[in-house]
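Biologist: Could you take me through one part of this model in close-up, the place where two of the chains meet? I'd like one connected account rather than a list.

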Amino acid sequence: MTVKERNRAAAGRLFTINSVTPEVIATATLEIETSSPGFYEFTREAARFIAEATANQGTLLIFLRHTSASLVIQENADPDVCTDLTTALTRLAPPDAGWVHDAEGPDDMPAHIKTMLTGVSLQIPVTDGALALGTWQGIYLVEHRARPHRREIVLQFIGSRR
Amino acid sequence: MTVKERNRAAAGRLFTINSVTPEVIATATLEIETSSPGFYEFTREAARFIAEATANQGTLLIFLRHTSASLVIQENADPDVCTDLTTALTRLAPPDAGWVHDAEGPDDMPAHIKTMLTGVSLQIPVTDGALALGTWQGIYLVEHRARPHRREIVLQFIGSRR
Amino acid sequence: MTVKERNRAAAGRLFTINSVTPEVIATATLEIETSSPGFYEFTREAARFIAEATANQGTLLIFLRHTSASLVIQENADPDVCTDLTTALTRLAPPDAGWVHDAEGPDDMPAHIKTMLTGVSLQIPVTDGALALGTWQGIYLVEHRARPHRREIVLQFIGSRR
């Protein structure tokens, strides 16, 4: 907060609040097939869900039902960003680091660690019928396993309708 | 998305949506006693809360009121996974790394870093009266401090009732 | 769970549940000006939003519309903690690590990595008209870029009113 904003806050109301009545909880599932480790954007599919649910104001919950893949909001302008993010995760959770759990292959335990560090749920506000993402924000499924997988995502909107 | 799914999306509706009316916000607290660093599963207790709240469709928020322990969803099949996750966190936030904040012991600052990297809140969809967790997903409190602690968790369901 | 609590759970109800009816979804935006990398606390502003929205019971979603800054709940007692957290993030995502994406300066790609590791959304329960934060928990915007930025945050409460 700037000094100006703090002064304004002291004087009266700080926020312009838009209020609506919660009307619906809409739930659906989305499946994404992955071919190899990396970032798979599904911003368009999430926006589509919001449109089909006739969502207006509220929150979108995105939940991934797995322990070796995760969900991340990141820059979707330059694809090099996702390449570097994948490199960064591999450096933080290398395959050859003496993990006890190795029965499912050398990529399995690092996949669990990467999932722990990045998480399996996202919450995005919906305002005026659209996801309130920033200009450069995209929604990604991040596959951490070497082999192809079919990943299941739950989408759930709570809020008002158009 | 596969090519087939993209074609289907272009043709019409992509999602099968289940819609209900929000009826209740149910809130309770859960305390967990920890004895040493590591993972403490409480999936059963979270499911119990959902049952006692007669929850049907909606979202469960789980919030930990601490800064040196965290909440993680991870594999609950092989206990070795949690052992390796604990090792991974210690490698990312080692105790002997010259931290400025050391008044509360060598395990305190690493505990804050581990908490920052893994987070203190989880959101899980509830569908048909049950947590929509994947087959291998379990809910864990992760204790990062060396000494025993009593940790306080807020559970909150927003949704429809059975 | 202690043995005592498990016994109690087996015998009957485990939770004391407070239930209310969802009445409102209140949304507003907050802008924070940053001057350099580091932690900027805005717990007071979040509490102010809860007060102005006449929130009683429910959830506060805080969402940051950027990919090179993030949101973290951490200790707000000793400022050294935030200094060490900043150091820890720089060690996990160093500037001189051969990133492919370097067109926006050496601090840009590390900023994206730090954002991926810490996240852009927080959910905090609201009980009895107040944020249900722990004694030592504060809400922070974490700036990862070297130059000053104006960061936009969406605040959204879903719940009952006072």
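Modeller: Sure. First, the rule for a salt bridge: a side-chain nitrogen of Lys or Arg has to lie within 4 Å of a carboxyl oxygen of Asp or Glu. Keep in mind that this is a predicted model. Let's look at where chain A meets chain C. By that rule, the interface of chain A and chain C has 1 salt bridge. It joins the side chains of Arg13(A) and Glu52(C), with 3.9 Å from N to O.

Polar contacts add to the picture: 21 residue pairs, both at pLDDT 80 or more, are counted between chain A and chain C. On the chain A side, quite a list of elements each bring at least two residues to the surface touching chain C, including helix H1 (3-11), strand S1 (18-20), helix H4 (108-118) and strand S9 (149-161). The top contributor there is H3(A), with 9 residues. Sort that side of chain A by class and you get 24 nonpolar, 18 polar and 8 charged residues.

Now zoom out to the whole contact. Chain A puts in 50 residues and chain C 45. As a general point, people often give the size of an interface as the accessible area lost when the parts come together. Here chain A and chain C bury about 3800 Å² between them, and carbon and sulfur atoms give 60% of that.

The backbones take part as well. S1(A) pairs with strand S2 (residues 24-34) of chain C, running antiparallel, through 3 bridges. If you want one spot to click on, try Ser19(A), whose bridge partner in S2(C) is Ala26(C).

How do the two copies relate? Chain A superposes on chain C by a rotation of 120° with 0.0 Å of shift along the axis, at an RMSD of 0.0 Å. That's the relation of a three-fold axis. Within chain A, Leu117(A) has the C-alpha nearest the axis, 3.4 Å from it. Only 10% of chain A's interface residues are also interface residues in chain C, so the copies meet through different surfaces.

You can see chain A's other role where it meets chain B. There, 45 residues of chain A are in contact with 50 of chain B. Glu52(A) forms a salt bridge with Arg13(B), at 4.0 Å from N to O. Strand S2 (residues 24-34) of chain A pairs antiparallel with S1(B) over 3 bridges, and Ala26(A) has Ser19(B) as its bridge partner in S1(B).

Definitions and conventions. Residues numbered from 1 in each chain as written. Chains lettered and ligands numbered in written order. Predicted model: local features only at pLDDT ≥ 70, side-chain atom pairs only at ≥ 80, totals over all residues. Heavy atoms only, no water. Contact = heavy atoms within 4.5 Å. Pairing = 2+ DSSP bridges. Helix = DSSP H or I, 4+ residues; strand = E, 2+ residues; numbered from the N terminus. Least-squares fit on C-alpha atoms with pLDDT ≥ 70 in both. Buried area = accessible area lost by both parts, 1.4 Å probe. Polar contact = N/O pair within 3.5 Å; in protein donor to acceptor, adjacent residues only side chain to side chain. Nonpolar A, V, L, I, M, F, W, Y, C, P; charged D, E, K, R; others polar.
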